[in-house]
Structure formats: C-alpha cells, structure tokens
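Please work through the following exercises with the sequence and the structure side by side, and try each task before you read its solution.

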Amino acid sequence: KPKLDDKFVNPSTYPVDAAKYIKENLNVNSIKLFNEYNYGSYLLFEGIPVFIDSRADLYAPEFSGKSDDIFMDFIETSGIAKFYEDIFKKYDITHVITYENSKMNMIIEKTKDPNYKQLYKDDYFVVYERLSN
C-alpha cells in the first residue's frame, strides 16, 4: 500500500534515463532491442518494443505459435549458457540494453567486443548498438 503514493520510478531498478536516451536518439520503430526480463514492462510502458517482458508465457512456443522459445533463449543468453552473439544473430538484434553489472555486459566490456558500440551508460544500465547485423 505505501507504494501507491510513489511519484517516481526508481532509476536503479528501471532504465528511466536509458529509456529517455533510446527515445531521443534511436528510431524505436526500426530497432530490435534485446533487454532484460525484469524491466521489459517498463520499456513497453515507455513505448519501446522489447525482446521480452514479465509476461513470460507469451514468449513460449505454446502461446506464441512460433517454433522459437524466446523465453528459454533469453534465460540461456542472460545466464551465459548460450553465447549472446548466436542468439542476437538468430533474432536480428540491433541494440542491447542490459544491467551495468550483468554477465553479458562484463564480457562485452572486458573483451572489448568489437561488435558492440556503447551508446549510453549510467550507474545501472548500458545501451549498445550491435555493429554486426
């Protein structure tokens, strides 16, 4: 009940500033954005199309009618059980937004992956452009 009176969205939990950057600097109608599960609904609220959101059942083949299991691809990619680049190729991902401290971001940063150009970074989130589509 106390949360009902909150007048803001916590930028450490949701990509408030990153979403603003995306809307001001990218054509949201033409990008294919890979995002984390926990804040997909916020991005949708901001009018940004997402890879996945908290309605996990919509992304399973049984519901979506597609042969791809987007939910499992997300789980395996975010947990580094599958190489992110393989999944990004599969779905033609053009941009990535991830937690600053995510495993994927650590790999991209530490290896200086030449396929990714950092467009935005704050204390909590990072936005990349994928250069090898």
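The exercises below concern a predicted model, and they go from the whole chain to one residue and then to the nonpolar cores.

**Exercise 1. Judge how confident the prediction is, for the whole protein and for its elements.**

Solution. Begin with the whole protein, where the mean pLDDT is 87 and 85% of the residues reach 70 or more. Then turn to the elements: confidence is lowest in helix α3, residues 61-64, with a mean of 56, while strand β4, residues 125-130, has the highest, at 98.

**Exercise 2. Describe the order of helices and strands, and then say how much of the protein is buried.**

Solution. Count the elements to start with, which gives six helices and four strands. Next, follow the chain from the N terminus, and the elements appear in the order α-β-α-α-α-α-β-α-β-β. For burial, take the 133 residues of the protein, of which 40% count as buried. The accessible surface comes to about 7,800 Å², and 52% of this surface belongs to carbon and sulfur atoms. Finally, look at contacts between residues at least 6 apart in sequence, and you will see that 51% of them join residues at least 24 apart.

**Exercise 3. Decide whether N105 is buried or exposed, and find what surrounds N105.**

Solution. Locate the residue before anything else: N105 is found in helix α6, which covers residues 103-111. Buried means under 20% relative accessible area, and because N105 has 0% relative accessibility, N105 counts as buried. Now examine the side chain of N105, which reaches the backbone oxygen of E100 at 2.7 Å. If neighbours within four places in sequence are left aside, N105 is in contact with T98, Y99, E100, V126 and Y128.

**Exercise 4. Work out which residues of the largest nonpolar core touch the most other members, and which elements give two or more residues to this core.**

Solution. The largest nonpolar core has 18 residues, and those that touch the most other members are I22, L33, L43, I48 and I97. The elements that give two or more residues to this core are α1 (16-25), α2 (40-45), β2 (95-99) and β4, and α1 gives the most, with four residues. Take L43 as an example: leaving aside neighbours within four places in sequence, L43 is in contact with P15, A19, L33, N35, I48, V50 and I97. Apart from this core lies another core, of 16 residues, which includes I52, F74, F88 and I108.

Conventions:
Residues numbered from 1 in each chain as written. Predicted model: local features only at pLDDT ≥ 70, side-chain atom pairs only at ≥ 80, totals over all residues. Heavy atoms only, no water. pLDDT = per-residue confidence, 0-100. Buried < 20%, exposed > 50% of the residue type's maximum accessible area, 1.4 Å probe, protein only. Contact = heavy atoms within 4.5 Å. Areas by Shrake-Rupley, 256 points an atom, 1.4 Å probe, with all protein chains shown as cover. Polar contact = N/O pair within 3.5 Å; in protein donor to acceptor, adjacent residues only side chain to side chain. Core = buried A, V, L, I, M, F, W, Y, C linked by side-chain atoms within 4.5 Å.
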